[in-house]
Structures are given as C-alpha cells and as structure tokens.
Amino acid sequence: MMSAYNFNFAKLGNIVQGTIVSLAKEVVQSYHNNLDILAIVGACYTVRKGLNLLRGCCSLIKHQVFPVLFSNTNTILKYGEWAVVTGGSDGIGKAYAEELASHGVNIILIGRSIQKLQNVSEAITATYGVKTRIIIADFNKGPEVFPSIKEALVDVDVGILVNNAGVFYDYPACLIEVPEEKSLEIINVNIVAAVMMVYTVLPGMLQRKRGAIINVSSITSWKPIPLMTVYAASKAFMDSFTRAVHYEYSSQGIFIQCLSPGFVVTKMTGFAGILRKKSLFVALAREYARGAVRTIGVSLRTTGYWSHSIKMFIAHRMPEYFWIFIWIYLNKKWRAEYLSREKHN
C-alpha cells in the first residue's frame, strides 16, 4: 500500500514538474514575443514623433520662409485694386492697411471713429500715394449697418478683405464678471461683422474669379482659455468658419486665410505691462503686419509672424491641462495687475 502511494506521488510530481517547465518555457517565449512587439510599437511611436517634428519644421518654413522668398507686390496686386480693412484706425488693422498700401493697393478703411479714420487715410495717401476711402460703421449695432456698407462698395474692385475688427475685455475675467453688453459686443464685432463682410464682398470676387479674404483670429482660438471665455470662443469660430469657407470657394479662385496672431503691442493688450512693449514673442504692429502680408497667397492658416509660429508649434504639442494651467496663471496675474493699477489711478 505504501509503495503504491509512493509511486503515485512520484508520478504526480513528474507531471507537476513537467507542467511547470512547460509553462516556464511558454512564459519566456511570450516574454520574448512581447519584447518584439514592444520594440515594434516603440519604433512606430518614434517614427511618428519624428514625422510630426519634421512636419512642424516644414510648416514653419512654409509659413515664414517661403513668404519672404516668394511673396511680392505682384502677388498681392493680382487680387484687385482695392483692399477693405475693418478696424483700420488702430493697431494691427492700421499697420496692415499701411503695409498693403506700400505694395500699391488702394485702401478702404472701416471703423467707428471718423476722425481716426480720416487721419489714417490721409497719412496713407501722403506716404504711399494710393487712393483711400473711409466708411463709418459701428459693428456693435449688428446687421443694420451692412446695407450702407454694401452700397458704398458697389462697383468697387475689392481684391482683398481683411476682417480685422475685434473687441476684447478690458482685462481677463470669468464669464459672469464680464457685463452681458460686453459679451454681446464681442459676438457682434468679432463674429457677426466678419460673416456679414464676407457676404458683402465675396459675390463680387466670385464674379471676377479672384480675391483674398483674411480673417483675423488669434492664438486664443487654439484651445480653451479660461478668463477669456467669450473672446477666445469668438476667435475659435473665426478659425473654423475660415477653413470651411476655404473648402467651399478656393476652387473658384478665392484665397481665404485664417490669420492667428499672438501678442502684438496694441491698445487691446494694454491691460498687462509685459504686453505693452516689444519682446521675443510680443511683436510691434508694424513688423507683425509686414510678416502677415507676406503670407497672402502662400499660407492658408498661419500666425503671420515667425516667433508666433514657434509658439504655435509648441502649443499644439502641449497637453491641454498644461495649456489651461499656464493661461489661468497668466490671466489671474494680469487681472490683478490691471485692477491694482486702476485702484491707484
């Protein structure tokens, strides 16, 4: 009885030992197979990241180097004799109008202040020898202002439309801290006006089979921006709207560009001291406009300025949570700075 027990136990032991050895071999083999799989996955990931980096570098070259090499006066004049610039009495709009005029394009300025528009118009004519006109319009009034604009542009060879007019907060703030009237003004000026101006000039461009529409968005359109909620959303609308219109009409000879500047020294960015002077990532309006105009006919979606393109390259590869963290920090800092300055004035 004892020998039978020993015999069965030994047999069972051999079976268990064989099973363990067999499992060990399978585990080792599986480990090596998984290493091969992981190596392939790692190689694919590395190649993908490398291609993304290469694509980003090529995009930077296309948007910033090619315009310098290939953009010229003939490229800009081919769209037509006149350019319409909204918000043309200050900041980027004024500088953009001056840069277009330097290429021989006649300028129509649209804005609210007749005195400012007249001053800019006269200065452009005196400096560049081109024709200028002004149209007084308060885009905050909504659609009611556009019939008179359409009438003023009848029979005008509008080759370029620059939808630059924009409204920002007095300083960064959370949504309900911003007066309702201000949010409605942002929507009327940043969105409604841009759409209606496209309705105004695009039919003529299609008839002539040429034209360029420049819709000014912002770096704030790239991802959500707390404390700039409605403004950033309005610029995201401009980005999406522009790209969709491009797909609809580019085949008919119309160049449609989304221009997304970073920080430029203007009255709009006066709430923060660091944004009131030139730096690596903060451009002067004149130098920004020079770079932006060069991208007409070359880049469909661009920041318009070399250092802003570097910032875009970094931002697009940044996790959203880190982007949000940075913007909350900056906007709270700038908000406190503005309120402190106003308190002591």
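**Note on the aromatic pairs, cores and strand pairing**

1. The count of aromatic pairs comes to 14, where rings of Phe, Tyr and Trp (its six-membered ring) pair if their centres lie within 6.5 Å, and where planes under 30 degrees apart count as stacked, over 60 as edge-to-face and the rest as tilted. This is a predicted model, in which local features need pLDDT of at least 70 and side-chain atom pairs count only at pLDDT 80 or more, while totals for chains, interfaces and linings use all residues. Residues are numbered from 1 along each chain as its sequence is written, and side-chain values use heavy atoms, with hydrogens and water left out.

2. One of these pairs is tilted because the rings of Tyr288 and Tyr305 have their planes at 50°, with their centres 6.2 Å apart. The pair links distant parts of the chain, 17 residues apart, since Tyr288 belongs to helix H8 (residues 285-293) and Tyr305 to the loop between strand S9 (301-302) and helix H9 (306-316); helices (H or I, at least four residues) and strands (E, at least two) are DSSP runs, numbered from the N terminus. Tyr288 counts as buried at 0% relative accessibility, and Tyr305 is buried as well, with a relative accessible area of 8%, where buried means under 20% relative accessible area, exposed over 50% and partly exposed in between (1.4 Å probe, protein chains only).

3. Trp323 and Trp327 form a tilted aromatic pair, at 5.8 Å centre to centre and with 55° between the planes. Both residues lie in helix H10 (residues 320-344), four residues apart, or about one turn of the helix. Trp323 is buried, at a relative accessible area of 5%, and for Trp327, also buried, the value is 5%. Both tryptophans belong to one aromatic cluster, whose members include Phe168, Tyr169, Trp222 and Trp334.

4. Is Phe325, which has its place in helix H10, buried or exposed? At 55% relative accessibility, Phe325 counts as exposed. The C-alpha atoms of Phe325 and Pro226 are separated by 9.3 Å, although these residues are 99 residues apart along the chain.

5. The largest nonpolar core has 54 residues, and those with the most contacts inside it are Phe139 and Ile149; such a core is a set of buried Ala, Val, Leu, Ile, Met, Phe, Trp, Tyr and Cys residues joined through side-chain atoms within 4.5 Å. Helix H6 (residues 180-208) gives the most to this core, with nine residues. Leaving aside residues up to four places away in sequence, Phe139 touches, among others, Ile110, Phe146, Ile149, Val189 and Met197, contact meaning heavy atoms within 4.5 Å. Another core, of 33 residues, lies apart from the largest one, and among its members are Val120, Ile124, Val293 and Tyr305.

6. Strand S2 (residues 106-111) and strand S3 (residues 132-136) run parallel and are joined by five bridges, two strands being paired if DSSP finds at least two bridges between them. Leu109 has Ile134 as its bridge partner in S3. From S2 the chain crosses through helix H4 (residues 114-128) to S3 in a right-handed β-α-β crossover, a term that applies if, with the strands pointing away from the viewer, the path from the first strand over the helix to the second runs clockwise.

7. A polar residue also deserves a line. Thr242, in helix H7 (residues 229-249), is buried, with a relative accessible area of 1%. Its contacts, not counting residues up to four places away in sequence, are Asn215, Ile256, Gln257 and Cys258.
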